[in-house]
Amino acid sequence: MVKPNIGFIGLGRMGAPMAKNLLDADYPLIAYDIVPSKVESLVSAGAKAGSSCRHVASESQIVITIVPDSPDVEVAVLGPDGVLEGATSGDIVIEMSTIAPGVGRRVAQALSQKGAPMLDAPVSGGPQGAEAGALSIMVGGPEEAFKQCLPILQVMGERIEHFGPNGSGYMVKLCNQVGCVVTIQAVCEVLSLAAKAGLDVRKVWQTVGSGLAASRIMELHGPKMLERDYAPGFTLALQEKDLRLVAAAADELEMPLPATSAVHQLIRSLSAKGKGELGTQALVLAMEELANCQVKG
Ligand code: NAD
């Protein structure tokens, strides 16, 4: 079967490796980012350079977007020279950013009026998962479009689930973020309690991380905290954006999320100190300040 042309918009920490995997799987790909240097590195891997979101959409049957936040998706899809202007009936948009479910539904509606269904398909797994083509992908939107796009999603992810109409993929991603932030905070508290007690923190991490408190986050973020390596895979700024989305969704549902709200305040305190561009493992810095201790080992 002839592979459809894919337009790829947003070549950041997640988008660049995801697009690269599609190229490696022999999908013809046209790529665009508002930062031209990001397009260049993908062109050297075999992609065609797009000059705008509209241009990318006009040359593709499937358009993938993965940009930071709800307003960025609105600009990329609905804005001047956006995807909506370039899309034609029968095209499918796979929107993979983490954004507000309500904004996603509005964007999907605008596209569907042009005969172009949208799937919301946010991801989990970080840049490592993106590079390995091993993301979890949480999908909402028309079932038929999902079936058509499944082979493409399978290039980028391992666990791919369809949850219902547009917006449901984004909502699952918000549930995922609750799990991530509360678990990161748990790891921060384990390590800072160990430091405060004067224990060998690395040994504590190894032992606790092999028992019932083991988690992927303990495994991946623990060593970075011990080595004081705060280089971002996922920034605190994006995490704070996600927690704003979680809080808005919880307000609408009158849903108490006590642990998540507490972590949100800690992340906000780090952002207020200009640390938003550090990786989420830097949450440990907030615990260090609260406890007056230093986590290293
Ligand atoms: P990033 O900031 O590294 O990349 C975003 C890219 O989008 C940038 O290159 C930016 O120039 C581009 N962009 C912004 N507006 C644009 C527009 N209008 N048109 C074209 N390009 C535009 O962000 P990221 O870490 O890749 O995250 C992207 C999305 O994926 C976010 O919604 C984030 O919450 C989500 N996410 C990130 C991770 C992670 O670990 N980094 C994990 C899961 C989900």
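A nitrogen atom of the ligand lies 2.9 Å from a polar backbone atom of G233, which fits the cut-off for a polar contact, a pair of N or O atoms within 3.5 Å. Within protein, one atom of such a pair must be able to donate a hydrogen and the other to accept it, and residues adjacent in sequence count only if both atoms are side-chain atoms. The protein covers 92% of the 840 Å² of accessible area that the ligand has on its own, where areas come from the Shrake-Rupley method with a 1.4 Å probe and, for residues, only the protein chains shown count as cover. This is a predicted model, in which local features need pLDDT of at least 70 and side-chain atom pairs count only at pLDDT 80 or more, while totals for chains, interfaces and linings use all residues. Residues are numbered from 1 along each chain as its sequence is written, and side-chain values use heavy atoms, with hydrogens and water left out.

**Around the ligand**

- The ligand is surrounded by 29 residues, of which M14, D33, K38, P68 and K241 are the closest; a residue is near a molecule or strand if one of its heavy atoms lies within 4 Å of it.
- A polar side-chain atom of K38 is 2.9 Å from an oxygen atom of the ligand, and a polar backbone atom of T98 is 3.0 Å from an oxygen atom of the ligand.
- The shell is made up of 16 nonpolar, 6 polar and 7 charged residues, where Ala, Val, Leu, Ile, Met, Phe, Trp, Tyr, Cys and Pro count as nonpolar, Asp, Glu, Lys and Arg as charged, and the others, Gly among them, as polar.
- Helix 4 (70-78), helix 7 (126-132) and helix 12 (236-253) each give the shell at least two residues; helices (H or I, at least four residues) and strands (E, at least two) are DSSP runs, numbered from the N terminus.
- Domain 1 (6-166) and domain 2 (174-291) each supply at least three residues of the shell, with bounds that come from an automatic or database domain assignment.

**Cysteines**

- The count of disulfides is 0, a disulfide being a pair of cysteine sulfur atoms within 2.5 Å.
- C180 forms no such bond because its sulfur is 11 Å from the closest cysteine sulfur, in C175, which is too far.
- C188 is likewise in no disulfide, as the nearest cysteine sulfur, that of C293, is 10 Å away.
- C188 is buried, with a relative accessible area of 0%; buried means under 20%, exposed over 50%, and partly exposed in between (1.4 Å probe, protein chains only).

**A strand residue**

- S124 belongs to strand 7 (residues 123-124) and is buried at a relative accessible area of 17%, while its side chain makes a polar contact of 3.3 Å with the side chain of N176.

**Loop residues**

- Most residues other than glycine have a negative phi.
- D81, although not a glycine, has a positive phi of about 60°; D81 sits in the loop between helix 4 and helix 5 (83-86) and is partly exposed at 42% relative accessibility.
- E254, also not a glycine, has a positive phi of about 50°; E254 lies in the loop between helix 12 and helix 13 (258-272) and is exposed at 72% relative accessibility.
- A214 is in the loop between helix 10 (201-208) and helix 11 (216-227), where A214 is partly exposed, with a relative accessible area of 39%.
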